[in-house]
Amino acid sequence: MLSVIYSWTVTLALQPILERALKTEISSEFLWAATCSLLLIPAFIEFAPLGQLPLRKGLFSESIWSKLGGPLSPLYLRHEFRRGATWLMLALCTVGSSLLPPRKFALSVLIALLLSQRALFSIQNWRRLAQTRFPEHGAFHLIRAMALSQSLQSILLWLALGLAQVYSQEQWLALGPAFLACAWISSTLCLEGDSGRPYLVNLIALSGGIIAGYACMAHWGFLALVAVICRSLYKGMGERLKAVENLDEDALIP
Amino acid sequence: MKTLSFHNAKIGRNSASVLLELDSQGSDIEFKSGVHLLVAPNGYGKSTLLQTLAGAIPPVSGSIKLEQKQFHPETEMTYVSEYLQFPKFIYPSEWIEHFAGAPWNADLQAKLKPRIQGFRLESLMGRYLGRLSQGERRKITWLAADASPKSGILLDEPLDGLDLLAIETARQMIRDWRSQGRILLIVAHQVAEFLDLSDQVWLFKDRSLLPWSRLGVGPAASTPTDEFRRKILEFYSP
């Protein structure tokens, strides 16, 4: 029931944007089906056995990472950036954005959202680890760790598009705040949808990311508003890990 | 010596399934520094109690205090769950330093070197956690608990998957932790491995805890295993 509601919310948020960008009418039903199907791409990548990159031991051990992303972030960042899935998604997003015609560059925001969509498919596993490791502040630490990871990935995507020089400087600069807004909102909402249950949380984060991303692309000043909203939502997340289900199971986070 | 005490605490997953009602006032139900073994059949609330003390589940009502002050499990307790939860692409040293709250430097390595040798993990420290067997990961959880600076350690079925030699290393760690004044709570079906190390054994009766000492049969630590087993079976027989 919730999946249906959230997926239609995404459809309603996407429809005007896509119709304006593509200058064509799109039926709601088609868009709904396309959106749900599109989420299968990050899901497939997240769960595919893609191996890892041999990044050195002790990566992200510098204190700045803990200061920015909380005590869970060194562990989270190491795992994320070692995973082949992370880099494959980043590569696909770069290629996908690069293939867009310059006048359709706004669709890059939707592509950038796939970075966080991938990570959200396994946030439920991290929830268990955060809950047992940090019972009082685990929710905060998990959100911060994910936000830092997604910020880094968004910046990498933005820089890659800059290097590829597929857009004008004005277009490229407009994408920066949009990408960051997508990363921040998606991360802040990672414990929504029944504490991060796959698909529910994806649809909620997608809705929030679309609104925040396009607002910030319209004017970079909205990034400050997004930061305020994220901070406000973040403060209310303290009790989100208190559901006790799934504590009593082994879990190897892929 | 530290003391964990209960104040009208109801322990359970929710108000409809309270498993324990504990109050230290006027009773001897409290956990002082030392080794506490929790012994009961499945479903009596042993793991639920540990998870509550770990902070993963809040008490249904009432409170728990450490040294009569507000208890913060996150900073006071290291919870070693029966269930192994690891990210796949993390090295053992990175996992340990996460629990230690300190970098994997020469001091930490020197401190843990005897344990790593005892667990025969020297050649495995360069592998990702996802590439280790269940028993090897279990050994890493022991190392992480040893590296943790917190005053309490909660061990839920900590010997699952450990070989005989590893169990001996684990027993030595228990002795060392006890001498450091830590509060140790252990749930283990391999009771015989911890019996002689225990300062108190707790039985579960009428939604409360009963210390072994109240059975009037002498300290559990000096009770022969066969006799201990017989007493437990008598106690819990319907």
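Start at the second largest cavity: by class, its lining has six nonpolar, two polar and three charged residues. Bear in mind as you click around that this is a predicted model.

To see that lining, select A:Thr132, A:Arg133 and A:Pro135 from chain A, then add B:Ala54, B:Pro73, B:Glu74, B:Met77, B:Thr78, B:Tyr79, B:Phe99 and B:Lys150 from chain B. The space they enclose has a volume of about 70 Å³. Now colour by element of secondary structure: α8 of chain A, along with α2 and β7 of chain B, each give two or more residues to this lining. Which of them has the largest share? That is β7(B), with three residues.

**Next stop: the largest cavity**

Select B:Tyr79, B:Ser81, B:Gln85, B:Trp95 and B:Phe99, which are the closest to the centre of the largest cavity among the 16 residues that line it. This one has a volume of about 220 Å³. Show α8 (123–133) of chain A, then β7 (77–80), β8, α3 and α5 of chain B; these are the elements that supply two or more lining residues here. How does the lining divide by class? You'll find ten nonpolar residues, five polar and one charged. If you're keeping a tally, the count is three cavities of 30 Å³ or more.

**Zoom out to the interface**

Put both chains on screen and pick out the contacts: 35 residues of chain B touch 40 residues of chain A. Together the two chains bury about 3100 Å², and 53% of that is on carbon and sulfur atoms. For the residues of chain B that lose the most area to chain A, select B:Glu74, B:Gln85 and B:Phe89; as a trio they make up 24% of what that side buries. Two of these should look familiar from the cavities: B:Glu74 lines the second largest, and B:Gln85 was in your selection around the centre of the largest.

Now for the polar side of things. Twelve residue pairs are in polar contact across the interface, with both partners at pLDDT 80 or more. On the chain B side, highlight α1 (46–54), α2 (73–76), β8 (85–87), α3 (92–100) and α5 (134–147), each of which supplies at least two residues that touch chain A. Which element gives the most? It's α3(B), with six residues. Sorted by class, the chain B side comes out as 17 nonpolar, nine polar and nine charged.

**Last stop: the salt bridges**

Side chains of opposite charge can pair when their charged atoms come close. Across the interface there are three salt bridges. For one to look at, select A:Arg78 and B:Glu94, whose side chains meet at 3.8 Å, N to O.

Over all chains, the search turns up 19 salt bridges. Finish with one inside chain B: select B:Arg115 and B:Asp146, where the N to O distance is 2.9 Å. What does this pair tie together? B:Arg115 is in helix α4 (residues 106–118) and B:Asp146 is in helix α5, so the bridge links parts of chain B that are 31 residues apart in sequence.

Definitions and conventions
Residues are numbered from 1 along each chain as its sequence is written. Chains are lettered from A and ligands numbered from 1 in the order in which they are written. Side-chain values use heavy atoms; hydrogens and water are left out. Contact means heavy atoms within 4.5 Å. Buried area is the accessible area (1.4 Å probe) that two parts lose on being put together, summed over both. A salt bridge is a side-chain nitrogen of Lys or Arg within 4 Å of a carboxyl oxygen of Asp or Glu. A polar contact is a pair of N or O atoms within 3.5 Å; within protein, one must be able to donate a hydrogen and the other to accept it, and residues adjacent in sequence count only if both atoms are side-chain atoms. Helices (H or I, at least four residues) and strands (E, at least two) are DSSP runs, numbered from the N terminus. Ala, Val, Leu, Ile, Met, Phe, Trp, Tyr, Cys and Pro count as nonpolar, Asp, Glu, Lys and Arg as charged, and the others, Gly among them, as polar. On a 1 Å grid over the protein atoms alone, a cavity is a set of points where a 1.4 Å probe fits but cannot get out, and a pocket is an open set with protein on both sides within 12 Å along at least five of seven lines; lining residues have an atom within 4 Å of a point. Grid points are joined across faces, edges and corners, and a volume is the space filled by probe spheres set on the points.
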